[in-house]
Amino acid sequence: MTTQQRLADTFVALAGNTVDGPPDVTVTLSVLAREAPSLLGVRAAAVVYAPEGYGTAQVAGSDPDASGLEHEAVRWREGPGHDCHRADRPGHQAALDSLPARQRWPQYAPRALGLGYRRVVALPLREPAGTNGALVLLSGEGDPFSPETLALGQSIAYFTAVTLERARETARDRTLTAQLKLALSCRVVVEQAKGVLANRWAVTPDEAYDFLRKHARAHQRAVRDVAREVVEGQADPSLTGPARERQRQRQQQQQQQQQQPEQEQG
């Protein structure tokens, strides 16, 4: 397989299944981490994805060492991925055995060197709203990463970031749609219950709703659940009793309301 074909296949895999649903975040991160080394000619790669903040970052690595290193970096709050996410810009290449790297990453640099890595760079997973993570490239050689490697790596990182953001937008839209459907369904059920009770008790819909709400509150239940029982004919008899009994209760409430001002005046 040619490099061009492998690159095309990687982009298709990163895009995920656009027919049946949005890409799975975990699968997308795994594809990026797994394919990056061969496409970019580096020893290992890891992806840190943190759209909700670095403390909840998801990590994927091309191998257990790279994955473990970045998991520890998240816990330590240091390393090129952390710096890239925080600064919202590409990180500088760093020789892990250099004094600046050891000073900036006192835990990350020695750990990475112990795993055989000598140079690192982080490329941002950036979408229009900002940076949500980083693609971390690790090399076992001391030579700098080539401009071609960095350019291609950044393109892949950008594509992944946009893909993941669209997946998040799709998930948010689905959640909102489900919430709106539930709210509409509840409203319809409540209106139906008001109609049932208003007709049975010979009261106005507003008065029927008041009785419904007070009953739900007295029994520590949601109005929509009580309303559904009324519509289905399974409500508490004390709520759906004969109209005569309900009228009597209504008269008692009116009398109490009339007596309250008189007691206050007395």
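**View 1. β4 and strand β5 (residues 130-139) pair up in the antiparallel sense over eight bridges.** Two strands count as paired if DSSP finds at least two bridges between them. This is a predicted model, in which local features need pLDDT of at least 70, side-chain atom pairs count only at pLDDT 80 or more, and totals for chains, interfaces and linings use all residues. Residues are numbered from 1 along each chain as its sequence is written, and side-chain values use heavy atoms, with hydrogens and water left out. Strands (E, at least two residues) and helices (H or I, at least four) are DSSP runs, numbered from the N terminus. To get from β4 to β5, the chain takes a hairpin through two residues. Look for R119 in β4: its bridge partner in β5 is S139.

**View 2. Strand β3 (residues 94-95) also runs antiparallel to β4, joined to it by two bridges.** Here R119 of β4 turns up again, this time standing opposite A95. How much of β4 is covered? Strand β4 (residues 119-127) has eight of its nine residues buried, where buried means under 20% relative accessible area, exposed over 50%, and partly exposed in between (1.4 Å probe, protein chains only). As a reminder for reading the picture, side chains in a regular strand alternate between the two faces of the sheet.

**View 3. Helix α4 is mostly covered, with six of its eight residues buried.** The ones to pick out are P80, G81, H82, D83, C84 and H85. What do they pack against? Their neighbours are the helices α5 (99-104) and α6 (108-114), along with strands β4 and β5; contact here means heavy atoms within 4.5 Å.

**View 4. R77 sits in the loop between α3 (64-76) and α4 (80-87).** Its phi is near 60°, a positive value in a residue other than glycine. R77 counts as partly exposed because its relative accessibility is 42%.

**View 5. Helices α8 and α9 cross at roughly 115°, their axes coming within 9 Å.** The axes are lines fitted to C-alpha atoms, for helices over the stretch in contact, with angles running from 0 to 180 degrees between N-to-C directions. α8 passes α9 in a right-handed crossing, the near helix being turned clockwise from the far one by less than a right angle. On the α8 side, Y209, L212, R213, H215 and A216 meet V223, V226, A227 and V230 of α9. The residues of this contact divide into seven nonpolar, one polar and one charged; Ala, Val, Leu, Ile, Met, Phe, Trp, Tyr, Cys and Pro count as nonpolar, Asp, Glu, Lys and Arg as charged, and the others, Gly among them, as polar.

**View 6. Q220 lies in the loop between α8 (205-218) and α9 (223-231).** Not a glycine, Q220 nevertheless has a positive phi of about 55°. Is Q220 buried or exposed? Q220 is exposed, because its relative accessible area is 76%.

**View 7. S185, in helix α7 (residues 147-201), is shown here together with R224.** The two are 39 residues apart in sequence and 9.2 Å apart in space, C-alpha to C-alpha. S185 is partly exposed, at 36% relative accessibility.

**View 8. The whole protein has 11 helices and five strands.** Of its 266 residues, 39% count as buried.
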